[in-house]
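Reader: I've just opened this one and I'm not sure how to read it. Could you walk me through a few features?

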Amino acid sequence: MSPPRYAELCAMSNFSFLRGASHPEELVARAAALGLEALAITDINSLAGVVRAFSALKELARAQAENAGQGVAIRASQKADPSTRQPLGPPARAEAVAPARLPRLIVGARLVLQDSPVHWLA
């Protein structure tokens, strides 16, 4: 049985001030480590995070081509919130990603207008 296919369609990077926390490069690396089909970076009123996400995806594809079929080792760290009682996960480790599992990057923006209470994803 194949794993379920999933695409994250509205992820905000740290270019969305006070909303997103992760760098676009981290979002792409984590999406690849999780085996997501696609990732949409939708920062508020901007396409700023897409440029770095595209560069990170290109770098992963280049590393994958160099390793030819061995997969790409992606560093992913697990951290716990100190205010919760979650056990701290193992230290950062390299996760192997299958050669064909790099996510597609979807270019988008979250449009927040002053005269509309609705946030539009474009």
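**Loops, helices and a surface patch**

Author: Sure, and keep in mind that this is a predicted model. Let's start with N45, which sits in the loop between β2 (38-44) and α2 (48-67).

Reader: What is the phi of N45?

Author: About 50 degrees, so to speak on the positive side, although N45 is not a glycine. N45 counts as partly exposed because its relative accessibility is 45%, and the exposed class takes over 50%.

Reader: Where is L18 placed, and is L18 buried or exposed?

Author: Look at the loop between β1 (7-11) and α1 (24-34); that's where L18 is. Its relative accessibility is 71%, so L18 counts as exposed. L18 also has a positive phi, near 65 degrees, and is a residue other than glycine.

Reader: Now the helices. At what angle do α1 and α2 pack?

Author: The angle is about 45 degrees, and the axes of α1 and α2 are 8 Å apart. That angle makes α1 oblique to α2, because roughly parallel would need an angle under 35 degrees and roughly perpendicular 65 to 115. As for handedness, α1 and α2 cross in a right-handed way.

Reader: Which residues form the nonpolar patch on the surface?

Author: L111, L113, V118 and W120, with about 350 Å² of accessible area together. Take L111 from that patch: L111 belongs to strand β5 (residues 104-112). With 34% relative accessibility, L111 counts as partly exposed, because that class lies between the 20% and 50% cut-offs.

Technical notes: Residues are numbered from 1 along each chain as its sequence is written. This is a predicted model: local features need pLDDT of at least 70, side-chain atom pairs count only at pLDDT 80 or more; totals for chains, interfaces and linings use all residues. Side-chain values use heavy atoms; hydrogens and water are left out. Patches are made of residues with over 30% relative accessible area and no salt bridge: like charges are joined within 9 Å, nonpolar side chains (Val, Leu, Ile, Met, Phe, Trp, Tyr) within 5 Å. Accessible areas come from the Shrake-Rupley method with a 1.4 Å probe; for residues, only the protein chains shown count as cover. A salt bridge is a side-chain nitrogen of Lys or Arg within 4 Å of a carboxyl oxygen of Asp or Glu. Helices (H or I, at least four residues) and strands (E, at least two) are DSSP runs, numbered from the N terminus. Buried means under 20% relative accessible area, exposed over 50%, partly exposed in between (1.4 Å probe, protein chains only). Axes are lines fitted to C-alpha atoms, for helices over the stretch in contact, and angles run from 0 to 180 degrees between N-to-C directions. Angles under 35 degrees count as roughly parallel, over 145 as roughly antiparallel, 65 to 115 as roughly perpendicular and the rest as oblique. A crossing is left-handed if the near helix is turned anticlockwise from the far one by less than a right angle, and right-handed if clockwise.
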